[in-house]
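Me: Please take a close look at one part of this model, starting from a single residue and its surroundings. Then connect it to other places that can be described in a similar way, in plain terms.

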Amino acid sequence: MEIGKRSSNPYVPKHLRRKCTPIESPITSSKAANAYAETYGVYDTKALVSELCKQFYGLGWVLGTGGSVSVKVFDDKEPKSDQLIVMSPSGVQKERMMPEDMYVLSSDGVVLSTPRSKSYPYNSPKCSECTPLFLQAYKIRNAGAVIHSHGIESCLVTMLRPLMKEFRIKHMEMIKGIEGHGYHDELVIPIIENTAKEGELIDSFTEAIRSYPKSTAVLVRNHGVYIWGETWISAKTQAECYHYLFDAAVKLHQLGLDWPSTPGNDTICSVNTVRGLSLNLLRGVRSCIFIGIDITHVSYLSDALCSLAIHKLVSMFRSQRYTLQLRLFDDVPKALQMWHASGIKVYIFSGYCRKVQQFLFHHTNFGDLRKYLSGFFEGNAKDRRSFKEIFLTVGVDNPADILYVTDNLEEANDAEAAGTGGSVSIKVHDFTKSNSDQLIVMSPSGVQKERMVPEDMYVLSSNGVVLLTPLPKPYPYKFPKCSECTPLFLQAYKIRKAGAVIYSHGIEACLVTTIRPLMKEFRVILSSINVYA
Ligand SMILES: CSC[C@@H](O)[C@@H](O)C(=O)COP(=O)(O)O
Ligand SMILES: [Zn+2]
């Protein structure tokens, strides 16, 4: 393991990463191994496990010191089977966990780092009793993270049919969230019998893992569930889906319904992928980027000024009678900064004279951004000569090395025809356009929704063309993909002129369709609650 060259652990969300100097010595002894166990890659994972403990406490999975969480320390130079393991301690209040409370183990279970003892009334630290079981999931299934939950649903679901050695469920959309399963698959999870001590589960647990190679969970009767995944994201996502399905089974049982025979709707078609332009700004090498600007980006003190010529506005501004500001969306300065830092030259291209362009980028809502710009060009996207002039001036051999960025699809097509390597809109909100012309912001597919930030969103034109794709994140995050719900959302926007659409997997929304399997409508009468469309 080479330590000195280690960069911050991309496996862990950015806000949890620690900035500190890595330890320089390679691991040659157990002392060095202990030193490695304190590097920031390990610290980041400790921070992640303590954050997950808090989150899982909120979900009721690790109440009363029950349950446990463990994640491998990602290291792209080591096979996963050799990577270190961070483990929550035994008998602790999970919602109060801090990174320094965590244990670090070698891949074969040797404790490399023990948390410091705390004064009375805390017990002296002890590694989780789940350790031997976690190690089996790591070893046999090559897991990247293992979660043990005491969530009440996972306990109750094993009690409904005390003689059953398996939990089975089908015809539930959330089954798709379990690795290796589709909507039409039946989910089967082994149930093992509880023992007085967690460690005594080891034989039946190991046998269950081996006998159910498709399962990524083992239920422990009257106790809880063990869940693992290739990465912490996969383990967590699956854990959420498993708990949802256990909850659904318990509720269906309460309703007197037999959950495995829940009828499905096999007529649902698979959704089409969205056609259109999906261009990621970081994909492919570009030597320079051109940004087209037009009047829609400029906000004025008074709407009445909108129709005035930009030159006049500038002179009015100079006369100090009005305030003029180039209003940019939050991600614009970030993008400019990022491109600038990575050596990409960014130019402004606009029908406005260069003086005006400079003036606007001098006075933005993020201050003077001219330092990120390499030049200003005046021209018309329709005029090929403008582009020829640009190619000559900036000195690119291949016009495809230029990325032309605009909020105007027509202009983008003109630029592309002139040979620039594609086009993408940054963002635009044109208040003059009607509702049906407005852009759509869409959450991405297969993501942890509670961790979403504005930069993770897709931007689509009103007819479903993807105009802006979020940047990819490092492992273990998946490559961005637009929501599978997109075609359905577009219908609600188009047919109902909706301003927003929400698609919920709320368990109530699911169960209400199951109660009367043959009914094609949900109706409420004589109720004090009215359902509004
Ligand atoms: C409520 S105590 C539960 C424990 O005995 C055990 O089942 C458990 O899940 C947690 O083990 P721990 O050793 O605290 O990590
Ligand atoms: Zn337990």
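Reply: A residue counts as buried if 20 or more other C-beta atoms lie within 10 Å of its own, as exposed if 12 or fewer do, and as partly exposed in between. The structure shown is a predicted model, and the starting point here is Leu360, which belongs to helix α9, residues 354–362. Leu360 has 26 C-beta neighbours inside 10 Å, so it counts as buried. Leu360 also has a contact partner further along the chain. Its C-alpha atom is 9.3 Å from that of Arg370, and the two residues are 10 apart in sequence.

The pair of questions used for Leu360, how many neighbours and which partner, can be put to other residues. Ile402 sits in strand β15, which covers residues 402–405. Ile402 is buried because its count is 26 C-beta neighbours inside 10 Å. Between the C-alpha atoms of Ile402 and Ala415 the distance is 9.9 Å, with their positions 13 residues apart in sequence. Met87 is a residue of strand β2, residues 85–87. Here 24 other C-beta atoms lie within 10 Å, so Met87 is buried. Val111 is 24 residues away from Met87 along the chain, and their C-alpha atoms are separated by 9.9 Å.

Tyr57 gives another result. Tyr57 is part of helix α2, residues 40–58. With 18 other C-beta atoms within 10 Å, Tyr57 is partly exposed, because that count falls between the two cut-offs. The partner of Tyr57 is Gly67, 10 residues apart from it in sequence and 9.4 Å apart in space, C-alpha to C-alpha.

At the exposed end of the scale are two residues that also have unusual backbones. As background, most residues other than glycine have a negative phi, and most peptide bonds are trans. Asn222 has a positive phi of about 60° and is not a glycine. Asn222 lies in the loop that joins β8 (217–220) to β9 (224–229). Asn222 has 11 C-beta neighbours inside 10 Å, so it is classed as exposed. Lys497 also has a positive phi, near 50°, without being a glycine. The loop that holds Lys497 runs between α12 and α13 (507–514). Lys497 counts as exposed because it has 10 C-beta neighbours inside 10 Å.

Loops also hold two cis peptide bonds. One runs from Tyr120 to Pro121, with omega near 10°. Pro121 is in the loop between β4 (111–113) and α3 (131–141). Another cis bond, from Tyr475 to Pro476, has omega near 10°. Pro476 is in the loop between β19 (466–468) and α12 (486–496).

Next come the helices and how they pack. Two packed helices are described by the angle between their axes and the distance between the axes. Helix α3, which follows the loop of Pro121, has an axis that comes within 10 Å of the axis of α5 (residues 202–211), and the two cross at roughly 25°. That angle is under 35 degrees, so α3 and α5 are roughly parallel to each other. Their crossing is right-handed.

Helix α6, residues 232–254, takes part in two packings listed here. Its axis comes within 11 Å of that of α13, at a crossing angle of roughly 40°. α6 is therefore oblique to α13. This crossing of α6 and α13 is right-handed. With α4 (residues 152–159), α6 packs at an angle of about 45°, and the axes are 8 Å apart. The pair α4 and α6 is therefore oblique as well. The crossing of α4 and α6 is left-handed.

What is left is the ligand. The shell around ligand 1 consists of 13 residues, of which Gly66, Ser68, Ser90, Ser128 and Glu129 come nearest. Sorted by class, the shell has 10 polar, 2 charged and 1 nonpolar residues. Where does ligand 1 lie with respect to domain 1 and domain 2? Residues from both domain 1 (1–128) and domain 2 (130–260) contribute to its shell, so ligand 1 lies between the two domains.

Key:
Residues numbered from 1 in each chain as written. Chains lettered and ligands numbered in written order. Predicted model: local features only at pLDDT ≥ 70, side-chain atom pairs only at ≥ 80, totals over all residues. Helix = DSSP H or I, 4+ residues; strand = E, 2+ residues; numbered from the N terminus. Near = placed C-beta within 6 Å. Nonpolar A, V, L, I, M, F, W, Y, C, P; charged D, E, K, R; others polar. Domains from an automatic or database assignment. Axes fitted to C-alpha atoms, helices over the stretch in contact; angles between N-to-C directions. Parallel < 35°, antiparallel > 145°, perpendicular 65-115°, else oblique. Left-handed = near helix turned anticlockwise from the far one by under 90°.
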